[in-house]
Amino acid sequence: MRRYLPDEAATIAFGREMLERLPADLAGWTILLNGELGAGKSTFARAFIRAAGHGGAVPSPTYTLVEPYSLSRGNIYHVDLYRVSDEEELRYLGWNELDDGCRIVEWPDRAPGLVEQADFSITFSYERGGRNVEVTALSERAAALL
Ligand SMILES: Nc1ncnc2c1ncn2[C@@H]1O[C@H](COP(=O)(O)OP(=O)(O)OP(=O)(O)O)[C@@H](O)[C@H]1O
Ligand SMILES: [Mg+2]
């Protein structure tokens, strides 16, 4: 699925829509967010997390790697692998401990093998002052939703 997002508000609306289309129980869903610096990954993630009922700030996980949210529809783990440069660092992340929630991952290409475990790959790219977004289903259940 492809869509043009003319401004930040459109990215926020798209993040909210993705959340609303997922099953009530978010556990086990993995969404990969691709795109260059400033493409809109965090804007999407913030909108997704707020739509799930989080009222406070959504700090960047760039330094913590993971920011956890415990919400009524389950846990959401916002992951940013931008700073990860080798597999040793990934071990600190404790990926398997994030199984009980929904994982939303910026810079997923830093972690080889993530694609095999994911449901959606969402790619943002610059286009005429706004962004293009492309959503790819990576699992059968994601294809059914798409
Ligand atoms: N559809 C859009 N059109 C124009 N600007 C947008 C759109 N979506 C988001 N933005 C703006 O792009 C800027 C960067 O967004 P954001 O921080 O979400 O990018 P990012 O992909 O997470 O970047 P990074 O790789 O540095 O983490 C923000 O100022 C945001 O308002
Ligand atoms: Mg970001």
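Partly exposed here means a relative accessible area between the 20% that bounds buried and the 50% that bounds exposed. Arg 110 fits that label, because its relative accessibility is 28%. This is a predicted model, and Arg 110 is a handy place to start looking around it. The residue sits in the loop between E5 and helix H4 (114–117). Setting aside neighbours within four places in sequence, Arg 110 makes contact with Leu 81, Tyr 82, Val 84 and Leu 90. Arg 83 is 27 residues away from Arg 110 in sequence, yet the C-alpha to C-alpha distance comes out at 8.6 Å.

Next comes the metal. The magnesium ion (ligand 2) picks up its protein donors from Ser 42 (OG) and Glu 106 (OE), at 2.1 to 2.3 Å. Ser 42 belongs to helix H2 (residues 41–51) and Glu 106 to strand E5 (residues 101–106), so the two donors tie together parts of the chain that are 64 residues apart in sequence. The two residues carry different burial labels: Ser 42 is partly exposed because its relative accessibility is 24%, whereas Glu 106 is buried because its value is 3%, under the 20% cut-off.

Helix H2 deserves a closer look, since Ser 42 lies in it. Its buried residues are Lys 41, Thr 43, Phe 44, Ala 45, Ala 47, Phe 48 and Ile 49. The cover over these buried residues includes helix H1 (8–21), along with strands E2 (30–34), E3 (66–71), E4 (74–80), E5 and E6 (120–127). After H2 comes Gly 53, with a positive phi near 110°.

As for how H1 packs on H2, the two axes come within 7 Å and cross at roughly 45°. H1 is therefore oblique to H2, and the crossing is right-handed. On the H1 side the contact is made by Glu 8, Thr 11, Ile 12, Phe 14, Gly 15, Arg 16, Met 18 and Leu 19, which meet Thr 43, Phe 44, Ala 47, Phe 48 and Ala 51 of H2. Sorted by type, the residues of this contact come to eight nonpolar, three polar and two charged. Thr 43, Phe 44, Ala 47 and Phe 48 also appear among the buried residues of H2.

On the backbone side, two residues that are not glycines have a positive phi. Leu 65 has a phi of about 70° and lies in the loop between H2 and E3. With a relative accessible area of 13%, Leu 65 is buried. Arg 128, with a phi of about 45°, is found in the loop between E6 and strand E7 (130–137). Unlike Leu 65, which is buried, Arg 128 is exposed, because its relative accessibility is 64%.

Strand E7 is also where Val 133 is placed. Val 133 is buried, with a relative accessibility of 1%. Thr 123 is 10 residues from Val 133 in sequence and 5.5 Å from it in space, C-alpha to C-alpha. Apart from neighbours within four places in sequence, the contacts of Val 133 are Met 1, Arg 2, Arg 3, Leu 5, Phe 14, Ile 122, Thr 123 and Phe 124. One of these, Phe 14, is also one of the H1 residues that meet H2.

Key
Residues are numbered from 1 along each chain as its sequence is written. Chains are lettered from A and ligands numbered from 1 in the order in which they are written. This is a predicted model: local features need pLDDT of at least 70, side-chain atom pairs count only at pLDDT 80 or more; totals for chains, interfaces and linings use all residues. Side-chain values use heavy atoms; hydrogens and water are left out. Donors are N, O and S atoms within 2.8 Å of the metal (3.2 Å for Na, K and Ca); water is not among the atoms, so sites may look incomplete. Helices (H or I, at least four residues) and strands (E, at least two) are DSSP runs, numbered from the N terminus. Buried means under 20% relative accessible area, exposed over 50%, partly exposed in between (1.4 Å probe, protein chains only). Contact means heavy atoms within 4.5 Å. Axes are lines fitted to C-alpha atoms, for helices over the stretch in contact, and angles run from 0 to 180 degrees between N-to-C directions. Angles under 35 degrees count as roughly parallel, over 145 as roughly antiparallel, 65 to 115 as roughly perpendicular and the rest as oblique. A crossing is left-handed if the near helix is turned anticlockwise from the far one by less than a right angle, and right-handed if clockwise. Ala, Val, Leu, Ile, Met, Phe, Trp, Tyr, Cys and Pro count as nonpolar, Asp, Glu, Lys and Arg as charged, and the others, Gly among them, as polar.
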